[in-house]
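Please look over the sequence and the structure shown here before reading on. The report takes up charged contacts, one helix and a few backbone features in turn.

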Amino acid sequence: MINRTLVSSRTALPRPARLLARPIRFCAQPIIAVNLKSSIHTTSCKRNEHKSPPEGLSTHAAEAKASFKDPMTRYTHLVQDNVLRADPSQKEIIGYLQRLWNDLEHYDPGPIPDEIKESSAGFFSRLFGSSSSSSTPGSSSISIDQVPKGLYLYGSVGTGKTMLMDLFHSTLPKALIQKYGSTRIHFHSFMLDVLQRQHEVTLKYQKQGLQKKDAMPEVARSLAKEGRILCFDEFQVTDIVTAMILRQLLERLMAYGVVCVMTSNRHPDELYINGIQRQSFIPAIELIKERFEVVDLDSGTDYRKIPRALSKVYFSPLDESVQKEMSKLFESLTSTDPISTEITYNKSLPLWGRNLNVPESSGSIAKFEFQDLCNKPLSAADYLEVTSRFATVFIENVPKLGLSERDQARRFITFIDACYENKTKIFISSEVPIFQVFSDKHGVSAAEDEHMNEVMKELGLSSNEIGASSLFSGDEELFAFARCVSRLSQMGTKEWSENTWPELEL
């Protein structure tokens with residue numbers, strides 16, 4: 001078991017918001033933890049340096065770590081050690097990861113040229129046309145046919161997508177990663193990084209008098225130089241800006257020999273469904289289907305449901321006894337905070353050009369009112385920064401959210417997503433039981449929607465537990481709501497409370 005004191009120090013040094021949008025750079029060496037933290041974190045790549053096992057990590061585990069050469073070997077070891085449950089369907093998926101690992105073991109994409117030379121022929125014409133076997137100016141020195149097919153892993157909530165991706169990334173061939181690097185990042189953070197790079201390149205071009213020059217080739221080149229293996233979790237397309245950027249970006253990354261692994265809740269054909277100008281995104285979907293092996297992860301087992309022993313983290317209704325219980329928990333946890341036990345009131349937290357007031361906080365624990373987080377125009381980037389700064393967050397006085405609180409409901413869902421992505425422990429006090437905060441008297445039962453009925457069945461929840469809501473009408477909103485319910489369910493388990501730690505640096 002990992003020592004809690006050792007891993008609770010993730011907030012010892014505050015990170016500037018700028019770092020939030022930068023990808024994770026990993027060593028080739030695998031790490032022992034299965035559930036890895038998916039937020040932005042930079043790790044040093046010190047190689048050939050002998051280290052004793054950290055406190056809490058046994059010599060046996062440290063030796064076993066060194067034997068994790070490839071995905072199948074590591075998976076087999078984790079099953080034998082009862083870290084993972086044996087699952088024939090999941091083992092079949094490991095076979096796909098192993099196929100890609102074998103392809104990558106001797107993959108050498110070659111250097112990326114310093115100068116960008118745009119070809120008159122687009123990537124799609126090279127991919128589907130007659131000249132696919134030739135290399136292209138401004139790309140890697142190999143042809144597209146020599147670039148291994150990527151993996152697109154999709155499935156519903158709780159199918160182990162993130163665990164499989166982390167297992168794969170932690171076993172990438174050492175020689176390849178030492179020479180070319182790799183990036184593992186959550187898709188939200190990836191898009192923030194892309195937008196930031198695009199902004200910086202555009203400003204550079206403007207200073208050079210090149211206002212009309214496209215920034216995307218330089219953005220793709222910079223990403224490719226940082227890692228020829230790109231893994232991002234929870235790939236989704238919800239707006240026209242993301243759709244248009246991805247159409248160009250995926251094309252250019254692959255032209256540079258970048259191999260991608262993605263996880264998603266949707267089959268490629270269902271991406272950006274009913275979105276504005278979706279027809280313009282169809283070529284990107286076709287590119288994914290052509291250059292990725294599309295794998296369905298649904299095995300009939302929801303791994304989020306296995307640890308059902310709930311830890312007491314959700315409290316209702318909003319009465320005096322709940323208020324006292326939340327205060328007692330906050331005092332107890334802050335009094336043993338390994339970073340700092342000193343309570344700071346009204347701390348100003350810088351967030352992307354603005355400041356957020358934190359009513360009460362210690363070194364790694366913060367307490368907010370619902371209105372502090374959800375009644376203000378905060379974004380996913382803001383919430384990711386908050387949850388990366390604090391390992392534990394208290395949210396008090398969450399109201400029952402009706403149609404007039406639609407914006408607050410969306411922000412609350414986004415905040416829960418950020419907590420989940422950053423493995424942040426939460427304590428919530430609410431007017432009604434946590435799964436009913438989205439219900440109102442105007443809506444129809446969520447169970448009447450086929451998709452919601454399926455999700456609730458998987459989670460073991462009934463329509464009486466969730467209630468009725470008129471908040472969620474569009475397909476993407478229903479999906480975000482279903483995901484939030486699933487995550488709240490998992491984040492209320494004893495296992496989540498005991499195992500919310502960052503990656504262990506070895």
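## A network of salt bridges

In this predicted model, Arg99, Asp103 and Glu293 are linked in a network of salt bridges. Within that network, the side chains of Glu293 and Arg99 form a salt bridge in which the closest N and O atoms are 2.8 Å apart. The pair links distant parts of the chain, since Glu293 belongs to strand E6 (residues 292-296) and Arg99 to helix H4 (residues 88-105), with their positions 194 residues apart in the numbering.

Both partners of this bridge fall in the intermediate class of accessibility, which runs from 20% to 50%. Glu293 has a relative accessibility of 26% and therefore counts as partly exposed, and Arg99, with a relative accessible area of 23%, is likewise partly exposed.

## Other salt bridges

The count of salt bridges comes to 18. Side chains of opposite charge can pair when their charged atoms come close. One of these pairs is formed by Arg252 and Asp214, whose side chains meet at 3.9 Å, N to O. This pair, too, links distant parts of the chain: Arg252 lies in helix H10, whereas Asp214 lies in the loop between helix H8 (187-207) and helix H9 (216-226), and the two are 38 residues apart. Asp214 has a relative accessible area of 35% and so is partly exposed.

A further salt bridge joins Lys367 to Glu360, with the closest N and O atoms 3.7 Å apart. Lys367 counts as buried because its relative accessibility is 9%, and the limit for that class is under 20%.

## Helix H10

Helix H10 covers residues 240-255, and its 16 residues should span 22 Å at 1.5 Å a residue; the C-alpha atoms at its ends are 23 Å apart, which agrees with that expectation. The helix nevertheless contains a kink of about 25°, centred on Leu246. Leu246 is also one of the buried residues of H10, a group that further includes Thr242, Ala243, Ile245, Leu249, Leu250, Glu251, Leu253, Met254 and Ala255.

Both ends of the helix show local detail. At the start of H10, a side-chain oxygen of Asp239 comes to within 3.1 Å of the backbone nitrogen of Val241. Just after H10, Gly257 adopts a positive phi of about 80°.

## Backbone features in loops

Which residues are joined by a cis peptide bond? The bond in question lies between Ser316 and Pro317, and its omega is about -5°. Pro317 is placed in the loop between strand E7 (314-315) and helix H12 (320-334).

Positive phi values also occur in residues other than glycine, including Glu234, where phi is near 60°. Glu234 sits in the loop between strand E4 (229-233) and H10, and it is buried, because its relative accessible area is 7%. Lys423 has a positive phi as well, near 55°, and is found in the loop between helix H15 (406-421) and strand E12 (425-430). With a relative accessible area of 10%, Lys423 is therefore classed as buried.

Conventions:
Residues are numbered from 1 along each chain as its sequence is written. This is a predicted model: local features need pLDDT of at least 70, side-chain atom pairs count only at pLDDT 80 or more; totals for chains, interfaces and linings use all residues. Side-chain values use heavy atoms; hydrogens and water are left out. Helices (H or I, at least four residues) and strands (E, at least two) are DSSP runs, numbered from the N terminus. The expected span of a helix is 1.5 Å times one less than its number of residues. The bend at a residue is the angle between axes fitted to the seven residues ending there and the seven starting there. Buried means under 20% relative accessible area, exposed over 50%, partly exposed in between (1.4 Å probe, protein chains only). A polar contact is a pair of N or O atoms within 3.5 Å; within protein, one must be able to donate a hydrogen and the other to accept it, and residues adjacent in sequence count only if both atoms are side-chain atoms. A salt bridge is a side-chain nitrogen of Lys or Arg within 4 Å of a carboxyl oxygen of Asp or Glu.
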